[in-house]
Each structure stands twice: as structure tokens, then as C-alpha cells.
Amino acid sequence: MIFSKSLVAFLFVEGTIGLLFLFSFYFAYMILTRWNFNSPSKLQYTLEKRDYFVSLILYFALSSKVVLLPFFINLLNSLSEKLPGAMCAAGVVSANEYGQILLILKVVIIFVSGTWLILNAKDKLEVNLPYIKSRYYLYLILFFLIILELVVEYLYFTNISTEEVVLCCSAIYGANSGGLTLPFGLDIFGILYLFYATWVLLFLTYIKKYLLINTVANILYLVLSFYALTYFFSTYVYELPTHKCPYCLFQKEYHYIGYLLWGSLIGGSFYAIAGLVVSRLTRFKTDYLYRNSLVLDTIFISVCTLYVVAYYLKNGVFL
């Protein structure tokens, strides 16, 4: 098992969040099964107070999950120094079969957590808390995901060997490795065409208020952006055609640009998905969520394109 002070601190916070969810489970169950806002009973009064208490706990816990994701990426990069063969977080993630699952699970939890926080804020604007059961059904999904995440985290970190050689990012994503298979049977230029075309679709569907299509397009944009950034745009950040890696972008040598790129990309998709969910569960308008989504998606595509343009202006050629 690998060990570091940062890892201990990270697992302590993760465990604390898990305990908070366990502590809240009983109250959430009581609210889901006994809640009746029109009842003048003592039980209803108690449940209203418990809802305020649980909401406060969950607000703290879920906000912490959002902050922990970039810390987790930073932790993986720091652990690469302890694993033979690893040059960045890519080697640490590939150290066993649980790494990729854990990373995807964390992103999913961020999406659901953010949606809960928005729904909670909307519900608190109403006197009779009409969306309280929707909030707690969403809590149950989060509860399952958090417990699953803790199990996968335990399996992941306890099965990392500091003696076995792991793959570096060049071996995983490089030109000679075969890398990941590009989707839809396309080459990288086909991916780029769809990448820019999908952003145009996002812009048009936002203007026309085709919100369902916008959400589906955002999911497609997320997938295409991963491949476009990893196999094309990252080479312009590194200024090296053979260096293709989604994780080295988070390192100091590249001005931590990965936090802006991946943050804007994930944030853009999150706001679109949250907008659709909240619009289906409440009567509130969610135009501002889709606007935030488009702004973040535009930041992502602009920064990626800027790196290509800057390289060409500096060197007179493309990679």
C-alpha cells in the first residue's frame, strides 16, 4: 500500500464525509416516510428542524466533495513520485483496475452533488418546501454513490504497489502505444470537426431554448472534448507532438492549465445536466444554468484554440 501525509489527510476527509452521510441517513428516511407539511403534529415540527440540520450537514459535505476533486488530482500527481515508471497521475491511475473507475465515480458524484445543492437552494425559497422529497431521493442516490466510492477508494489505494513498474503517460497515450481507440471510427481530424460543430450546436440550441437537445449535445461535447484535448490540443500545450496526456496539464511546468481546462469542461456539462434535472423537478426557470454552461464551454474551446493559434504565430507551422 502506498503512503503519504496528503493521502492520509485526503482519506480522513473522505471518511468524515462518509460518516456524515451515515449519520444523516436515519433522518432522511424519516423525512421521506413521515413528511406532511400540512400536519400540525409534533413529529412534523421535529422533521422540519431535522431537515434544516440535515441540509446544513449535506451542504458542508457536498461542498467539500467539489473542493476535493482538484485536490485528488493533485494528490495523484504527487504520488507519481513514489511509483516506478510513473511521470504523472496517468501512471498512478493505471496502477490497478480501480483507478479509472474511481476517477469516473468522483466526477459523477460531483454532478449529482451540485444538482442537489441547486435543488436544495430552490426548495428553500418556498415556504412549504415542495421539493423536499425530490431532494431526499437524490440524497439516497448520493448515499449509495458515496459508500461505493469509499469502497473503491479502499480497494484502489490498498492495491497500489510501490515495487511494480507502472506505465507512464507516453506509454498509455503516446504515438507508439496505440492509445485509446477514438470513438465513432473517426481519426483525430474527424473528432476536431465534430468538436467545433458540437459547440456551434450548443450555441444555437441555447439561443433557440432547445434545452433537452442542448443537454444531450453537452454530453457529446464532453466526450469529444476529452479526445480532442488529449490527442490534439494537449500537444500544443506541451509543444511536443508525441506528448499526449490529459494529466500532465495539471503540473506546474504548464502553469496548471489543466485545472482551467478540465474545470470549465466539466462545469459546462454539469450546468447543462443540472439545468435539465432541476427544470423537470421544479417550476423554476433554469436559463441561467444553461447560460453558465455555454460560458464555460466557450472558455474551454477558446483556450484550446488559443494554444494552437499561439503556437502557429510563434513557429509558423502546426504540429
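**Exercise 1. Find which residue ranges the domain assignment gives for domain 1 and domain 2 of the protein chain, and how far apart their centres lie.**

Solution. Start with the bounds: in this predicted model, domain 1 covers 5–167 and domain 2 covers 171–315. Next, take the centres over C-alpha atoms; 25 Å separate those of domain 1 and domain 2. Finally, look at who takes part in the contact: domain 1 contributes 25 residues and domain 2 contributes 22 residues.

**Exercise 2. Work out how much area domain 1 and domain 2 bury between them, and which residues of domain 1 lose the most.**

Solution. Put the two domains together and the buried area comes to about 2,000 Å². Then split it by atom type: 76% of it is on carbon and sulfur atoms. Now go to the side of domain 1, where Phe111, Ile118 and Lys122 lose the most area to domain 2. Together these three make up 28% of what that side buries.

**Exercise 3. Identify the polar links between domain 1 and domain 2, and the elements behind the side of domain 1.**

Solution. Begin with charge pairs: the rule finds 1 salt bridge across the interface. For a pair to check in your viewer, try Glu126 and Arg283, a salt bridge whose closest N and O atoms are 2.3 Å apart. That distance falls within the 4 Å cut-off for a salt bridge. Polar contacts come next, with 4 residue pairs counted between the two domains. On the side of domain 1 that touches domain 2, the elements giving two or more residues are helix H2 (42–79), helix H3 (89–93) and helix H4 (99–123). H4 supplies the largest share, 10 residues. By residue class, this side divides into 16 nonpolar, 7 polar and 2 charged.

**Exercise 4. Decide how compact the protein chain is, beginning with its helices and strands.**

Solution. Count first: the chain has 10 helices and 0 strands. Its radius of gyration is 22 Å, close to the 20 Å from the globule rule for 319 residues, so the chain is as compact as a globular protein of that length. For the extents, the C-alpha trace spans about 75 × 55 × 30 Å along its principal axes.

**Exercise 5. Explain which parts the salt bridge between Lys65 and Glu14 ties together.**

Solution. The salt bridge count comes to 11. Lys65 forms one with Glu14, and their closest N and O atoms are 2.8 Å apart. Lys65 lies in helix H2 and Glu14 in helix H1 (residues 5–34), so the pair ties together parts 51 residues apart in sequence.

Definitions and conventions:
Residues are numbered from 1 along each chain as its sequence is written. This is a predicted model: local features need pLDDT of at least 70, side-chain atom pairs count only at pLDDT 80 or more; totals for chains, interfaces and linings use all residues. Side-chain values use heavy atoms; hydrogens and water are left out. Domain bounds come from an automatic or database domain assignment. Contact means heavy atoms within 4.5 Å. Buried area is the accessible area (1.4 Å probe) that two parts lose on being put together, summed over both. A salt bridge is a side-chain nitrogen of Lys or Arg within 4 Å of a carboxyl oxygen of Asp or Glu. A polar contact is a pair of N or O atoms within 3.5 Å; within protein, one must be able to donate a hydrogen and the other to accept it, and residues adjacent in sequence count only if both atoms are side-chain atoms. Helices (H or I, at least four residues) and strands (E, at least two) are DSSP runs, numbered from the N terminus. Ala, Val, Leu, Ile, Met, Phe, Trp, Tyr, Cys and Pro count as nonpolar, Asp, Glu, Lys and Arg as charged, and the others, Gly among them, as polar. The radius of gyration is taken over C-alpha atoms; the globule rule is 2.2 Å times the number of residues to the power 0.38.
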